[in-house]
Amino acid sequence: GEHATLLGWLTRLPQVLVHARPKIRTGHAWSLVLTRRYPEADQELRALEAACAESADDALRPIVQMIRCVYWAHTGELLLAKARSEAWLQTWPEADAFLTGVVANVLASGCCATEAFEQGLRALAIARRALEECRADYGLAWACALAMMIAMRRGDQHEAMAQARAGIATVERSLGVASYAGTMITLLAAEVCYEQNDLVQAQRFVDQ
């Protein structure tokens, strides 16, 4: 989740070198999406998609399409994100664990938005297995946040708080509660406490 750091490194590299190496550009596109620089991210993704069409390197295509799935989710195209992530998981069932975990999280977000809650929970089970395999705590924090959102949409505040506790434990072991991932979970936890009229605990989460 250190996207600002990665973008800083990339600005120090000669752009000719970056443009000649699609694998470096995938890191650039990934960080642009997750820092909400969407026009730049779309431009970079289009360049990478063109490179995939011209290249025989099959390893690049699932990475680029994974980032595109995340792009659709972040730009509010959740139906498209859901369809693309379902297709991705069917196309690359044996893909790298990190890629699989990210795309399964995207699918879960689409399921939450469309109230396909059971499918969303199945997607989160896939995401967690994959992300635990590669110890991607940032992705696991997203899985916890998405599980909280699904529980909140279903009116299950008890389950939402259980997921919050699991998410906080995940970020505490590596990223820290003050990280982006930690803040995402504590703000959702504050919302759950507010809905339960536990304003003191909600304030504690906001302060955190």
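**Figure 1. Surroundings of Asp-42 in the predicted model**. Apart from residues within four places in sequence, Asp-42 has contacts with Arg-68 and Tyr-71. Asp-42 belongs to helix H4, which spans residues 38-54. Tyr-71 lies 29 residues away from Asp-42 along the chain, and the C-alpha atoms of the two are 8.0 Å apart. Asp-42 is classed as buried because its relative accessibility is 15%, below the 20% limit.

**Figure 2. Packing of helix H7 against helix H9**. Helix H7 comprises residues 97-113 and helix H9 residues 137-153; their axes lie 10 Å apart and form an angle of about 15°. H7 is therefore roughly parallel to H9, the angle being under 35 degrees. The crossing of H7 past H9 is left-handed. On the H7 side, the contact is formed by Asn-105, Ala-108, Ser-109, Cys-112 and Ala-113. H9 contributes Gly-139, Trp-142, Ala-143, Leu-146, Met-149, Ile-150 and Arg-153. Sorted by class, the residues of this contact between H7 and H9 are 8 nonpolar, 3 polar and 1 charged.

**Figure 3. Ser-109 of helix H7 and its contacts**. Ser-109 is located in helix H7 and is one of the residues through which H7 meets H9. With residues up to four places away in sequence set aside, Ser-109 touches Ala-73, Leu-78 and Leu-146. Leu-146 is itself among the H9 residues in the contact with H7. Ser-109 has a relative accessible area of 15% and is therefore buried.

**Figure 4. Packing of helix H9 against helix H10**. Helix H10 covers residues 157-172; its axis and that of H9 come within 8 Å of each other and cross at roughly 170°. H9 is thus roughly antiparallel to H10, since the angle is over 145 degrees. The residues contributed by H9 are Asp-137, Leu-140, Ala-141, Cys-144, Ala-147, Met-148, Ala-151 and Met-152. Those of H10 are Gln-157, Glu-159, Ala-160, Gln-163, Ala-164, Ala-166, Gly-167, Thr-170 and Val-171. The contact of H9 with H10 consists of 11 nonpolar, 4 polar and 2 charged residues.

**Figure 5. The nonpolar cores**. The largest nonpolar core holds 61 residues, of which Met-66, Val-70, Met-148 and Ile-185 touch the most other members. H9 supplies the largest share of this core, 11 residues. Met-66 is in contact with Trp-30, Trp-88, Phe-98, Leu-99, Val-102 and Val-103, its neighbours within four places in sequence being left aside. A second core, separate from the largest one, has 5 residues, among them Ala-104, Leu-131, Ala-136 and Leu-140. Leu-140 also takes part in the contact of H9 with H10, as does Met-148.

**Figure 6. Loop residues Glu-115 and Asn-197, each with a positive phi**. Most residues other than glycine have a negative phi. Glu-115, although not a glycine, has a positive phi of about 60°. Glu-115 sits in the loop that joins H7 to helix H8 (117-133). The relative accessible area of Glu-115 is 51%, so this residue is exposed. Asn-197, also a residue other than glycine, has a positive phi near 65°. The position of Asn-197 is in the loop between helix H11 (180-195) and helix H12 (199-207). Asn-197 counts as exposed because its relative accessibility is 60%, over the 50% limit.

Methods:
Residues numbered from 1 in each chain as written. Predicted model: local features only at pLDDT ≥ 70, side-chain atom pairs only at ≥ 80, totals over all residues. Heavy atoms only, no water. Axes fitted to C-alpha atoms, helices over the stretch in contact; angles between N-to-C directions. Helix = DSSP H or I, 4+ residues; strand = E, 2+ residues; numbered from the N terminus. Parallel < 35°, antiparallel > 145°, perpendicular 65-115°, else oblique. Left-handed = near helix turned anticlockwise from the far one by under 90°. Contact = heavy atoms within 4.5 Å. Nonpolar A, V, L, I, M, F, W, Y, C, P; charged D, E, K, R; others polar. Core = buried A, V, L, I, M, F, W, Y, C linked by side-chain atoms within 4.5 Å. Buried < 20%, exposed > 50% of the residue type's maximum accessible area, 1.4 Å probe, protein only.
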